[in-house]
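Biologist: Could you pick a single part of this one and give me a close look at what it pairs with and what packs around it? Take your time, one long answer is fine.

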Amino acid sequence: MIDRKAAPVELDVKEVASDGTFSGYASVFGVLDSYKEIVQPGAFTKSLQRYPAHKVKLLWQHDRTEPCGVWLSFEEDAHGLKATGRILLETTRGREVHALMKAGAVDGLSIGFRTIRDSMDRAKGARLLHEVELREVSIVSFPANEEATVTTVKHTNNQFSQLVAAINAARTTIAKD
């Protein structure tokens, strides 16, 4: 059973293709999230060995009754958990999710997992996640990590790309202040 849902993760989508494929980061290591948790490097290693990508569910808003695609691959690197998925355009929900992602209306991911091994960092007041069992990664409207945003979307017009760039620049400026 998943002991948490809506775990904040950073989504850095590089593109949403016309066939529904997209890629980015489903989790970024070392980031203190709004739940006061920090995913540690290697946290997904054993889970990825036990559960290949196609066994991890791709859901809409963490709703078990709303699968909207399939995961094609996950890979841990120094930055986090790199993910590639495909929205199923043959379904009504898939077409809706795809349209929302391409328009930039939905731009977050959130992991559903079961904690295997964790510890407390009392100085940071954070739970460190050393090992988790990844069960699902959802496309969500409001990720708990406010930095979980789409940075570039394929097949959009130049005005939209400029708007996304301006919003990301503003976020960076606000975060520094």
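Modeller: Bookkeeping first: helices (H or I, at least four residues) and strands (E, at least two) are DSSP runs numbered from the N terminus, and two strands pair if DSSP finds at least two bridges between them. This is a predicted model, where local features need pLDDT of at least 70, side-chain atom pairs count only at pLDDT 80 or more, and totals for chains, interfaces and linings use all residues. Residues are numbered from 1 along each chain as its sequence is written, and side-chain values use heavy atoms, leaving out hydrogens and water.

As for trust, pLDDT is the predictor's confidence in each residue, from 0 to 100. The chain averages 81, with 72% of the residues scoring at least 70. Over residues 147-161 the pLDDT drops below 50, although this stretch still has 42 contacts (heavy atoms within 4.5 Å) in the model beyond near neighbours in sequence.

My pick is strand E9, out of 3 helices and 9 strands. On burial, the cut-offs are under 20% relative accessible area for buried and over 50% for exposed, with partly exposed in between (1.4 Å probe, protein chains only). In E9, 13 of the 15 residues are buried, so the strand is largely enclosed by the rest of the structure.

Now the pairing. E8 and E9 run antiparallel over 13 bridges, and Gly112 stands opposite Glu136 in E9. These two strands make a hairpin with 4 residues in between, and Gly125 in the turn has a positive phi of about 65 degrees. E5 pairs with E9 in the parallel sense over 4 bridges, with Leu58 partnered to Val137 in E9. E4 is also parallel to E9, through 3 bridges, and there Val39 has Leu129 as its bridge partner.

Ile38 belongs to E4 too, and at 5% relative accessibility it counts as buried. Its C-alpha lies 6.3 Å from that of Arg127, 89 residues away along the chain. Not counting residues up to four places away in sequence, Ile38 touches several residues, including Arg127, Leu128 and Leu129.

Finally, the core. A nonpolar core is a set of buried Ala, Val, Leu, Ile, Met, Phe, Trp, Tyr and Cys residues joined through side-chain atoms within 4.5 Å. The largest one has 28 residues, and those touching the most other members include Leu134, Val137 and Ile139. E9 (126-140) is among the elements giving two or more residues to this core, and its 5 residues are the largest share.
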